[in-house]
Amino acid sequence: MLVSRDPAFLFVHIDKSAGSNIQHAFRPFAPPVRPQRWRRKLTLLGRCNRAAGLHRVLDWPEHAPIEVPRRCLPPAVFDGMFKFAFVRNPWDRLVSRHAYLTRKTAHPRHEFVKSLGSFEAYLEWEIARGKMHQHAYVTGPDGRIAADFIGYYERLAGDFAEAARRIGVPAVLPPPNHSPHRDYRECYTERTHGMVAAAFARDIDLFGYTFEGLG
C-alpha cells in the first residue's frame, strides 16, 4: 500500500497484478514523511483511533485492503484521496502465483508448494486457504467498491496512464516483472477451470472477467 498526503492518493497493492511496478512508479510522487509528523498532524483531525489506530498509518501491511485506511483515517482525509488498485484475471493470476512460488527459492512457501506436486494440488490448497480474493481488497462492508478507480492488468499501460493523469503526476511505468510460465489457458483442465470459476465467482463477476480475459 502506498499512501501520499500531497498529492493525496492511496494505492491498494493486490499481489500478482503488477502492483510492485505500479508502486515503484508512483513512489517518487509520495514524499516520505516523518512518523511523528504524520501522527501529530493526523491526530489533530480527530476520530483517530476508530480501528487499528491512526498512529499506525505508517505500519499498514504491504497488501492491506482498502478497509484498513478507511477505518483508520478521518473521513475527510480518506474521502479526499484518489484511491485505486489493479486487478487481474483470476485464472491467469493463480498460474502466475504458482509459477512465482515454485521459482522463488527464497520464498518461505517455496518448498511447501513444490511438495504439493501439481498445479491442481496447489489450487486446492490456495482455494482452501481463502486468501487470493481480489474483491476483499477494494470493497467496503456493504460489498460495494470503495476505490475511485480499478485498473486492469490486461490493459496495464492505458489504465496506468489514466491513474497518473487523475493524480496529476508524470509517472512512468517500468517494465513488468513476469513470472515465466505457459499461457495460463494451457494450464487448466475442465475440473480446475471449474474450481476457479466457483471459488472466485465474486471477483469474476465484480470485475467482468471470463476465462479468456475481460468480458
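Reader: Happy to look at this with you! Which strands does helix α1 lie across, and at about what angle does α1 run to β2?
Author: Good place to start, and please keep in mind that this is a predicted model. Helix α1 covers residues 19-26 and lies across β1, β2 and β3. Its direction relative to β2 is about 160°.

Reader: In what order do the four strands of the open sheet come?
Author: We can build the order from the pairs. β1 and β2 pair in the antiparallel sense over three bridges, while β2 and β3 pair in the parallel sense over four bridges. β3 is in turn joined to β4 (residues 149-152) by four bridges, and these two run parallel. That gives an open sheet with mixed pairing, in the order β1-β2-β3-β4.

Reader: Which strands stand at the edges of that sheet?
Author: From one strand to the next, the twist of this sheet averages 15°. An edge strand has a single partner strand, so one side of it is left without a neighbour in the sheet. The strands in that position are β1 and β4.

Reader: I like to follow the register. What is the bridge partner of L10 in β3?
Author: Let's walk across the sheet. V3 has L10 as its bridge partner in β2, and S4 has F9 there. Going on into β3, F9 is partnered by F82, and the partner of L10 is K83.

Reader: How many of the residues of strand β3 are buried?
Author: Take the two sets of side chains in turn. F82, F84 and F86 point one way from β3, K83, A85 and V87 point the other way, and all are buried. The strand is therefore largely enclosed by the rest of the structure, and the count of buried residues is six of the six.

Reader: And in β2, which residues point the other way from F9 and F11?
Author: Here is the general pattern: side chains in a regular strand alternate between the two faces of the sheet. In β2, F9 and F11 point one way, and all the residues in question are buried. Pointing the other way are L10 and V12.

Reader: Now for the turn between β1 and β2. Is D6 buried or exposed?
Author: β1 and β2 form a hairpin with four residues between them, and D6 is in the loop between these strands. Apart from its neighbours within four places in sequence, D6 is in contact with F29 and P31. The C-alpha atoms of D6 and P31 are 7.8 Å apart, although 25 residues separate them along the chain. Since the relative accessibility of D6 is 60%, the residue counts as exposed.

Reader: On to electrostatics, my favourite part. Which residue meets D15 in a salt bridge at 2.7 Å?
Author: A search of the whole structure finds 12 salt bridges. D15 is in the loop between β2 and α1, and its partner, 78 residues away, is in helix α5. Both residues are buried. The partner is R93.

Reader: What is the N to O distance in the salt bridge between R191 and E120?
Author: This pair links distant parts of the chain, with R191 in helix α10 and E120 in helix α7, 71 residues apart. R191 counts as partly exposed because its relative accessibility is 45%, and E120 counts as partly exposed because its value is 29%. Their side chains meet at 2.3 Å.

Reader: What is the relative accessible area of E126, which meets R129 in a salt bridge?
Author: E126 and R129 are three residues apart in helix α7, so about one helical turn separates them. Their side chains meet at 2.6 Å, N to O. R129 is partly exposed, with a relative accessible area of 24%. E126 is buried, and its value is 1%.

Reader: Last one! Within what arc do the buried residues of α10 fall?
Author: The buried residues of α10 (residues 190-199) are T192, M195 and V196. Seen down the helix axis, they line one face because they share a limited arc. They pack against α5, α7 and α11, whereas E190 and A198 are exposed on the other side of α10. The arc of the buried residues is 90°.

Definitions and conventions. Residues numbered from 1 in each chain as written. Predicted model: local features only at pLDDT ≥ 70, side-chain atom pairs only at ≥ 80, totals over all residues. Heavy atoms only, no water. Buried < 20%, exposed > 50% of the residue type's maximum accessible area, 1.4 Å probe, protein only. Contact = heavy atoms within 4.5 Å. Pairing = 2+ DSSP bridges. Axes fitted to C-alpha atoms, helices over the stretch in contact; angles between N-to-C directions. Arc of directions from axis to C-beta. Salt bridge = Lys/Arg side-chain N within 4 Å of Asp/Glu carboxyl O.
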